[in-house]
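Work through these short exercises with the structure open. Try each task before you read its solution.

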Amino acid sequence: MLKYETGDYNCLHQDLYGDLVFPLQLTVLLSAPGEEFTGGEFLLVEQRPRVQSRGEVVPLRQGEAVIFPVHHRPVQGMRGHYRVTMRHGVSRLRSGQRYTLGIIFHDAA
């Protein structure tokens, strides 16, 4: 369970814990955007080789989930597939409280 309050954010990061890492994780938004909080958008950033990073806001409504890569994702290039490094985070909460359920499928102890 993750709780964010006004002014909180989560820097871009990867949840890499332990020797074995499952390649996907899941986040479920439990609060209602625009009603219970403002700001606090879920962010995904691709760090592509020899190109600038590309960020995306994943718009979620209350009860919706996002499944995203923990570390890398494959991309089709001109010479076949290659992998890009992925990071995720949460933008600054401008007001209210935001609750999410984060599920990491590997041992995060």
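**Exercise 1: the E46 network**

Task: Classify E46 as buried or exposed, then find its salt-bridge partner.

Solution. Step 1: E46 has 7% relative accessibility. The cut-off for buried is under 20%, so E46 counts as buried. Keep in mind that this is a predicted model.

Step 2: Look for the partner. E46 forms a salt bridge with R54, and their closest N and O atoms lie 2.9 Å apart.

Step 3: Check R54. Its relative accessible area is 38%, so R54 is partly exposed.

Step 4: Extend the search. E46, R54 and R73 are linked in a network of salt bridges.

**Exercise 2: other salt bridges**

Task: How many salt bridges does the whole structure hold? Describe the pairs made by E5 and E64.

Solution. Step 1: The whole structure has 4 salt bridges.

Step 2: E5 pairs with K3, with the closest N and O atoms 3.0 Å apart. E5 is partly exposed at 33%. K3 is partly exposed at 43%.

Step 3: E64 pairs with R61, with the closest N and O atoms 3.0 Å apart. E64 is partly exposed at 26%. R61 has a relative accessible area of 58%; exposed means over 50%, so R61 is exposed.

**Exercise 3: T100**

Task: Where is T100 placed, and which residues does T100 contact beyond its sequence neighbours?

Solution. Step 1: T100 sits in strand 10, residues 93-104.

Step 2: T100 has a relative accessible area of 1%, so T100 is buried.

Step 3: Leave aside neighbours within four places in sequence. T100 then contacts M1, L2, Y4, T27, V28, L29 and L30.

Notes: Residues are numbered from 1 along each chain as its sequence is written. This is a predicted model: local features need pLDDT of at least 70, side-chain atom pairs count only at pLDDT 80 or more; totals for chains, interfaces and linings use all residues. Side-chain values use heavy atoms; hydrogens and water are left out. Helices (H or I, at least four residues) and strands (E, at least two) are DSSP runs, numbered from the N terminus. Buried means under 20% relative accessible area, exposed over 50%, partly exposed in between (1.4 Å probe, protein chains only). Contact means heavy atoms within 4.5 Å. A salt bridge is a side-chain nitrogen of Lys or Arg within 4 Å of a carboxyl oxygen of Asp or Glu.
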